[in-house]
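Reader: I'm new to this one and would like to learn how to read it. Could you walk me through it, feature by feature?

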Amino acid sequence: MDVRSPFVVDLASLPRQEGASIEWERTLDAPADLGTELIGVPEGSPLQVRLTLQSVSEGVYIGGSVAAHVVGECARCVRRFEYDVDEAVGELAFYPERRLALIEEGDEEAEEFPVIEDGHVDVEPVLRDAIVLSLPFTPLCEPDCQGLCSGCGKRWEELPDDHFHPLPTNDDDPLAALEAKLRGDMEQ
Ligand SMILES: [Zn+2]
Ligand SMILES: [Zn+2]
């Protein structure tokens, strides 16, 4: 853990007595890759973090919220869209000896649990989970986005209801139909 990271909270002022708590509020620059390929929080844009860190028997409970501005690209029509999120945060960071005890008891997931190191806890993974898990798997500009016309690449929303691209067949071409008829008449 890099204690100089702006996401690392110094717990020196938090008594280890159960129920004791500190408030931690910061506006931080969003880290890189906060999202998926199509949607996420742009790197460097503000993350408003409001946390309460509370001593519990196993460690420190990190509760509160994180607000950010999300920018996405519609998976159907590639239109850019954006909105604000304000997500609840709630995760337990374990004292190292408590986490070790869980690992020794055979809890396979315990290795992934947040842990307190040298009186510090890194809240970046906790905030990252809160935001990334809230993002849609398939981002859409509107819930019923119809995507793009395969004929011209325009958004269906912007095209008239009867928009279509005729296929060039004889059936659709009056001149070709007339020619076919004349040919038929001559053969008779
Ligand atoms: Zn769309
Ligand atoms: Zn079209």
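Author: We'll go from the overall fold to the metal sites, then to a hairpin, a helix and some backbone angles. First, the ground rules: this is a predicted model, where local features need pLDDT of at least 70, side-chain atom pairs count only at pLDDT 80 or more, and totals for chains, interfaces and linings use all residues. Residues are numbered from 1 along each chain as its sequence is written, chains are lettered from A and ligands numbered from 1 in the order in which they are written, and side-chain values use heavy atoms, with hydrogens and water left out.

Reader: How many helices and strands does the protein have?

Author: Helices (H or I, at least four residues) and strands (E, at least two) are DSSP runs, numbered from the N terminus. Here there are 3 helices and 8 strands, and along the sequence they follow the pattern β-β-β-β-β-β-β-α-β-α-α.

Reader: What share of the residues is buried?

Author: Buried means under 20% relative accessible area, exposed means over 50%, and partly exposed is in between (1.4 Å probe, protein chains only). Of the 188 residues, 34% count as buried. You can also look at contacts, meaning heavy atoms within 4.5 Å: among contacts with a separation of 6 or more, 55% join residues 24 or more positions apart.

Reader: Which residues are the protein donors of the zinc ion (ligand 1)?

Author: Donors are N, O and S atoms within 2.8 Å of the metal (3.2 Å for Na, K and Ca); water is not among the atoms, so sites may look incomplete. For ligand 1 the donors are the SG atoms of Cys74, Cys77, Cys141 and Cys145, lying 2.3 Å from the zinc ion. Their spacing in sequence is C-x2-C-x63-C-x3-C. Cys77 sits in the loop between strand E6 (59–73) and strand E7 (80–94), while Cys145 is in the loop between helix H2 (124–132) and helix H3 (174–187), so this pair ties together parts that are 68 residues apart in sequence.

Reader: Why is the arrangement around ligand 1 called tetrahedral?

Author: Four donors count as tetrahedral if all angles lie between 85 and 135 degrees. Around ligand 1 the 4 donor atoms subtend angles of 107 to 113°, which makes the arrangement tetrahedral.

Reader: Are those cysteines buried or exposed?

Author: Cys74 is buried, with a relative accessible area of 1%, and so is Cys145, with 2%. Cys77 counts as buried at 4%, and Cys141 is buried at 16%.

Reader: What are the protein donors of the zinc ion (ligand 2)?

Author: They are Cys149 (SG), Cys152 (SG), His163 (NE2) and His165 (NE2), lying 2.0 to 2.3 Å from the zinc ion. Their spacing reads C-x2-C-x10-H-x1-H, and with angles of 100 to 115° among the 4 donor atoms this site is tetrahedral. Cys149 is buried, with a relative accessible area of 5%, whereas His165 counts as partly exposed at 38%. Cys149 and His163 are 14 residues apart along the chain, and their C-alpha atoms are separated by 9.1 Å. Leaving aside neighbours within four places in sequence, Cys149 touches residues including Trp156 and Leu159.

Reader: With so many cysteines about, how many disulfides does a search find?

Author: A disulfide is a covalent bond between the sulfur atoms of two cysteines. The search takes pairs of cysteine sulfur atoms within 2.5 Å, and in the whole structure it finds 0 disulfides.

Reader: In what sense do E6 and E7 pair?

Author: Two strands pair if DSSP finds at least two bridges between them. E6 and E7 pair in the antiparallel sense over 15 bridges; one of the bridges joins Tyr61 to Leu92 in E7. The two strands form a hairpin with 6 residues between them, and Val78 in the turn has a positive phi of about 55°.

Reader: Which residues of H2 are buried?

Author: Val126, Leu127, Ala130 and Ile131 are buried in H2. Seen down the helix axis, the buried residues fall within an arc of 125° (taken from the directions from the axis to the C-beta atoms), so they line one face of the helix. Their cover includes strand E5 (46–56), E6 and E7.

Reader: Where is Asp33 placed, and what about its phi?

Author: Most residues other than glycine have a negative phi. Asp33, in the loop between strand E2 (21–29) and E3, has a positive phi of about 60°, and Asp33 is exposed, with a relative accessible area of 66%. Asp118 also has a positive phi, near 50°; Asp118 lies in the loop between helix H1 (96–104) and E8 and is exposed at 75%.

Definitions and conventions: Tetrahedral: all angles 85-135°; square planar, octahedral: opposite > 155°, others 65-115°.
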